[in-house]
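Open your viewer, get comfortable and keep the selection box handy. We will take a short walk from whole chains down to single side chains.

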Protein chains: 2
Amino acid sequence: MRDADATRARILAAAKKEFAKRGLGGARVDEIADRAKANKRMIYHYFGNKEDLFRIVVEEAYVDIRTAEQTLELEHLPAREALEKLVRFTWDYYLKNPEFITLVNSENLHKARHLKKSEKIEQLFRRFVDMVGDLLDRGVEEGVFRPGIDPVQLNITIAAIGYYYITNRFTGSIVFQRDLMAPEALQERLEFNIETIMRLVCVSP
Amino acid sequence: MRDADATRARILAAAKKEFAKRGLGGARVDEIADRAKANKRMIYHYFGNKEDLFRIVVEEAYVDIRTAEQTLELEHLPAREALEKLVRFTWDYYLKNPEFITLVNSENLHKARHLKKSEKIEQLFRRFVDMVGDLLDRGVEEGVFRPGIDPVQLNITIAAIGYYYITNRFTGSIVFQRDLMAPEALQERLEFNIETIMRLVCVSP
DNA sequence: GTAAAGAAAGTAACTAGTTAGTGCGTTGTT
DNA sequence: AACAACGCACTAACTAGTTACTTTCTTTAC
């Protein structure tokens, strides 16, 4: 049974897991081949080398989160509801896809040298920033949002308050002496995050 | 010239740099020895093995940030000023010590298995959480802070909005198509962060 | 229809270089 | 002399990448 596409896809999925688990430096090409039930030679055949494979994994991770975001259709909701939905989505996505966070961390450890080579990333995010910009404008028109908020700063803040909690869940649970991943703790954090963003953006909370 | 303490200290400093630059998996013991102008044999003599060396580096990084925090003496300031000072301090510390962030990221990639072995970390942080708890109480008494805010959630949020920006400065600069490390960008972010926290905590912003 | 040719998919074993960790001897200090 | 600090040179295991080969599928010629 030969299937080039399926093998390629299995390698990519395996690479995503391995890179997310151990980072670029700690990941082992042999391990990726095993996980993918493929041969190491196939990895080099389809992806050239380890770094290129990593680049494609990271690119794909960014495409995935932005694709998911675009299904939100925030345009059809009142501004306040749309903003809350975005905060909830971001939180849920990090929670369900912690490998996204690990990959981004790993890419930043390497000063984003792989993403620098990518071309499709820039336009992907321009659309996203525009979407949040439009949402902010709409909220101001509706009289519910403060004017003058920078959509990039808001984006970063929405991401930050979820991302930091999830990425540092292990040291955080030790340092703060509570299980940050307990269901009640997660619920509490999500509500705190929504309150943080609402107080930041809305005219009257 | 023989000096056990100095050699040990040079190794620790070199290890901190190397681990911060490449993570636990990517760091090379030979490189640490070279940087420290010591011999690899000395590393094993003083620290046992690579993992133990890493554990001590991470522990020391946590002790350093908490030690710096304790010089703030927030008790002697009005609550609002104290809170703003804490946000500024956190931001400045991350900016001046980006290796702290990389070490914490690396430790979380390994599910905090080194920090779990550490004993002095817990009490270090209990004091810190108490300090912020006291600050919140004082702000409520002064009539400037909302009551009922969880000091742990506030701590996490103050850290998050700075940490995320700094740790993801490389991918962030590509994705948002602006130089996030330009002096004006840094100043803008700090002010945005202060506003975020003030709106979250204060009764009237 | 079918057989030969060729291309693509897949594998095992290997190479060259790297890496954490050590054995053992040397040098300096008290 | 005794002990601690130090350093060279080694090893056993590992690791990214390659070579040379087999198997399977597709295309083309008749």
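Here is a tour in a few stops, starting with one chain and ending where two chains meet. Keep in mind throughout that this is a predicted model.

**Stop 1: chain A as a whole**

Select chain A and show it as a cartoon. You will find 10 helices and zero strands, so defined by runs assigned with DSSP. Following the sequence, the pattern reads α-α-α-α-α-α-α-α-α-α. Now turn the chain around: along its principal axes, the C-alpha trace spans about 60 × 40 × 35 Å.

How much of chain A is buried? Of its 205 residues, 54% are buried. The chain also brings distant parts of its sequence together: among contacts between residues at least 6 apart in sequence, 69% join residues at least 24 apart.

**Stop 2: an annotated stretch**

Next, select residues 28-47 of chain A. UniProt lists this stretch as "DNA-binding region", in an unreviewed entry. In the model, the stretch is 75% helix and 0% strand. Pick the C-alpha atoms at its two ends, and you will find them 15 Å apart.

**Stop 3: a network of charges**

Show the side chains of Glu18(A), Arg22(A), Glu31(A) and Arg35(A). Side chains of opposite charge can pair when their charged atoms come close.

Begin with Arg22(A) and Glu18(A), which form a salt bridge with their closest N and O atoms 3.3 Å apart. Both sit in helix 1 (residues 4-26) of chain A, four residues apart, or about one turn of the helix. Is Glu18(A) buried or exposed? Glu18(A) counts as buried because its relative accessibility is 0%, under the 20% cut-off. Arg22(A), with a relative accessible area of 37%, is partly exposed.

Move on to Arg35(A) and Glu31(A), another salt bridge, where the closest N and O atoms are 3.9 Å apart. This pair lies in helix 2 (residues 29-35) of chain A, again four residues apart. Arg35(A) is partly exposed at 31%, and Glu31(A) is partly exposed at 30%.

**Stop 4: a glutamate in helix 4**

Select Glu69(A), in helix 4 (residues 50-70) of chain A. With a relative accessible area of 3%, Glu69(A) is buried. Which residues does Glu69(A) touch, leaving aside those up to four places away in sequence? They are Phe89(A) and Phe128(A).

**Stop 5: over to chain B**

Select Arg138(B) and Glu142(B), whose side chains meet in a salt bridge (3.6 Å, N to O). Both belong to helix 7 of chain B, four residues apart. Arg138(B) is partly exposed at 24% relative accessibility, and so is Glu142(B) at 39%. Salt bridges that share partners join the four chain A residues from Stop 3, Glu18(A), Arg22(A), Glu31(A) and Arg35(A), into one network.

**Stop 6: where the chains meet**

Finally, show both chains and select the residues in contact: 55 from chain B and 55 from chain A. The size of an interface is often given as the accessible area lost when the parts come together. Here, chain B and chain A bury about 5,000 Å² between them, with 66% of it on carbon and sulfur atoms.

How many salt bridges link chain B and chain A? The count is four. For one between these chains, zoom in on Asp150(A) and Arg178(B), at 3.1 Å from N to O. Now colour helix 8 of chain B, which gives the largest share of the side touching chain A, 13 residues. By class, that side of chain B has 28 nonpolar, 12 polar and 15 charged residues.

Terms used: Residues numbered from 1 in each chain as written. Chains lettered and ligands numbered in written order. Predicted model: local features only at pLDDT ≥ 70, side-chain atom pairs only at ≥ 80, totals over all residues. Heavy atoms only, no water. Contact = heavy atoms within 4.5 Å. Buried area = accessible area lost by both parts, 1.4 Å probe. Nonpolar A, V, L, I, M, F, W, Y, C, P; charged D, E, K, R; others polar. UniProt positions renumbered as here; feature names shortened; annotations may be inferred. Buried < 20%, exposed > 50% of the residue type's maximum accessible area, 1.4 Å probe, protein only.
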